[in-house]
Amino acid sequence: MVSSMRRDREVGRLLLSFLLLAVWEAGSGQVHYSVPEEAKHGTFVGRIAQDLGLELAELVPRLFRVASKGRGDLLEVNLQNGILFVNSRIDREELCGRSLECSIHLEVIVERPLQVFHVEVEVKDINDNPPLFPMAVKTIWFHESRLLDSRFPLEGASDADIGVNALLSYKLSSSEFFFLDIQTNDELSQSLSLVLKKSLDREETAQVNLLLVATDGGKPELTGTVQLLIKVLDVNDNEPTFDQSVYKVQLLENTANGTLVVKLNSSDADEGSNSEIVYSLSSDVPSTIKTKFKIDPRTGEVRTNGQLDYEETKSYEIQVIAYDNGTPSMSGHCKISVKLVDVNDNIPEVSITSLSLPILEDAPLGTVIALIMVFDRDSGANGQVTCLLTPSVPFKLVSTFKNYYSLVLDSALDRERVANYAVVVTARDAGSPSLSATASVSVEVADVNDNAPAFAQPEYTVFVKENNPPGCHIFTVSARDADAQENALVSYSLVERRVGERALSSYVSVHAESGKVYALQPLDHEELELLQFQVSARDAGVPPLGSNVTLQVFVLDENDNAPALLPPGAGGGGGAVSQLVSRSVGAGHVVAKVRAVDADSGYNAWLSYELQPVAGAARSPFRVGLYTGEISTTRALDEADAPRQRLLVLVKDHGEPALVATATVLLSLVDSGQAPKTPLRMSAGATGPEAALVDVNVYLIIAICAVSSLLVLTLLLYTALRCSAPPFEGACGPGKPTLVCSSAVGSWSYSQQRRQRVCSGEGPPKTDLMAFSPSLPQGPGSAEERQQPSESEHLGKP
């Protein structure tokens, strides 16, 4: 509406100007034409020859010509018809600029006579120029902090046309932020202002593009435009913002130093220095985090700065601040949540506590020996630990709680078999690769008195020479106890019993600690051939355990008894033997018999007989049987023989030294017719005793064979026992070691020094030998062992 009112006023003024020009032209007498600008070539302007009063025919002769000051080519006269026409393009704005009046002044000159005419051709404006702004794009800078109704002056458009064609109206493209304010000055000029009607926010609208259109008043209307590029100047009113408020990152705990953790992406809606961001860790970040991570202040790259350890810290919360370079500076914040991922880098730890050691060997199954705790600082499968024990041990692991185990007894113990176990506990995790650790515990088995003292053999046979000195050490018993300490301390004692009328302790004693057996008094073979008793070994455990061993002490015979002569008759007394002998007896006739016994046994009781030669006497016609004691003739008696024969018979045993008894035999030689009846009766009465004596001799020989057999067996057993049994202290007194054997019937001793070969004299031997047999019961195996010693191989049976 304002624009239309202005346009009406401009039209009124233009009409007034044209009226004043017409009045002036009428008064001046000049020829006046008008032509619109931009008329085409040849456009008719006016009949200049006619209007100047010139004839067409005289135009050429009078040298008709048109002159213009510097514009001679714009208009031209056709000399044929005297018409003024447009010769070239006429641009009013070029000729006159923005002047309201624009005319081309022509001088028409004719000669003969010379005449000068002035012609004025008015160039009329047409709307051929659109409004023009100084620039096609105008940039306007607006601070986003400008207040509402703030104004920014605009330079209006210019129109080279004049008049109505130059009357401009303006229109601004629609905008929520700006509107156009047009003010008309007194000089009919217009002032344009761009007014802010809504607050700007550069971060939302960094620039506003407006189009200002200027429209002139010509027909048709021409327009000109200018693009208004309104750039909103930044004010540091925005803090830096991160694309995430929380950055979640997972890292392996063995990540190398300097590894990129995350690259922060922060933006500032401002611009320029207001958007230049500097990164840093928050001042509230603990020093432990600062030693583990670092941040590049320019790029925002966060990298590891030290060794990470999941077992030390499983996660990190890192506060990061982004500062801009505005004034005042503004900051934004974000958090980096770093979760460490466990790797199997920790070996399981094994600790053994609450040891119940040592453990008794009779402890019941399931007894807890130790508590075992395993621990792996890793997590998940890397921290899952399984425990294993050394194979082939009587223990097992029982899980009592997570990672807690009890080492319990799984099978019976025997300290005597294994006194100590080296138990190795292996803990292995489930990581990949798997890691393991071991711990060892020495399980000592404590002794329980579960073993009685044991002797090497249940029975020992000991040979002791009779007549030993009192207190003589005859043997040492030794029992071994497989237990330990006081349970293995063995003491010895006799198992008391009666030996005949006397107590056992009157014969022997045993040392309680050493086990040495002593004979308390001299032993007599003739009184006690075998002393059998038991020795008890008892340990010091609680309760005490014990065992017994049997000792068979054979009292070996010593040649301490001389042969004793038996009386010649069944009720007769000792002394000389008297016998009547008929001179008619032949050679080999037994005329008498010497009987003797020896209280000793064995070879010491084996008697031999021999005649003691009489010095200077003739050879005796009698002889005596070496082992029988029978006195027989060596030849037939004759008259030359003395009627009274006195024979000394030496009776010797086989002991060392041999003991001797002397028997005197008185023989009276009589003729056969003079032989008294009494001797015959005595001879007849002696038949019974002689037969009995023969039976006794047979038994003696059998006994001697049995003893010899036992002697050979004793030699064999002694050789075997010599290799297996420890040497023991034998009988008291000097002498060579004895050969030992044991059997159910006892033992015999055979001395190499006492061996004496029995040799026979002249003539065949007799079988009336008398010997003393030991009074021992005969064992079941003795029949196989009987054999006669080599010394008696010449003895025969009558």
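Is Cys 334 buried or exposed, and what is its relative accessible area? Before I answer, let me say that what we have here is a predicted model, and I will keep to what can be read from it. Cys 334 is buried, with a relative accessible area of 3%. Cys 705 is also buried, at a relative accessible area of 12%, because the cut-off for that word is under 20%.

Let me turn to the disulfide. By the distance rule, which takes a pair of cysteine sulfur atoms within 2.5 Å, the count comes to 1 disulfide. Cys 96 and Cys 102 form that link, with their sulfur atoms 1.8 Å apart, and the angle of 75 degrees about the S-S bond makes the link right-handed. As for exposure, Cys 102 is buried, with a relative accessible area of 2%, whereas Cys 96 is partly exposed, its relative accessible area being 21%.

The other thing I wanted to show is a sheet. This is an open sheet of 3 strands, in the order 9-12-11, and the pairing is antiparallel. Strand 9, residues 151-154, and strand 11, residues 178-184, stand at the edges and have a single partner strand each, so one side of each is left without a neighbour in the sheet. On average, and with direction ignored, neighbouring strands of this sheet are turned by 30 degrees against each other. If we look at strand 11 and strand 12, the latter covering residues 190-196, we find that the two run antiparallel and are joined by 7 bridges; among the residues involved is Phe 179, whose bridge partner in strand 12 is Val 195.

Technical notes: Residues are numbered from 1 along each chain as its sequence is written. This is a predicted model: local features need pLDDT of at least 70, side-chain atom pairs count only at pLDDT 80 or more; totals for chains, interfaces and linings use all residues. Side-chain values use heavy atoms; hydrogens and water are left out. Buried means under 20% relative accessible area, exposed over 50%, partly exposed in between (1.4 Å probe, protein chains only). Two strands pair if DSSP finds at least two bridges between them. Helices (H or I, at least four residues) and strands (E, at least two) are DSSP runs, numbered from the N terminus. Axes are lines fitted to C-alpha atoms, for helices over the stretch in contact, and angles run from 0 to 180 degrees between N-to-C directions.
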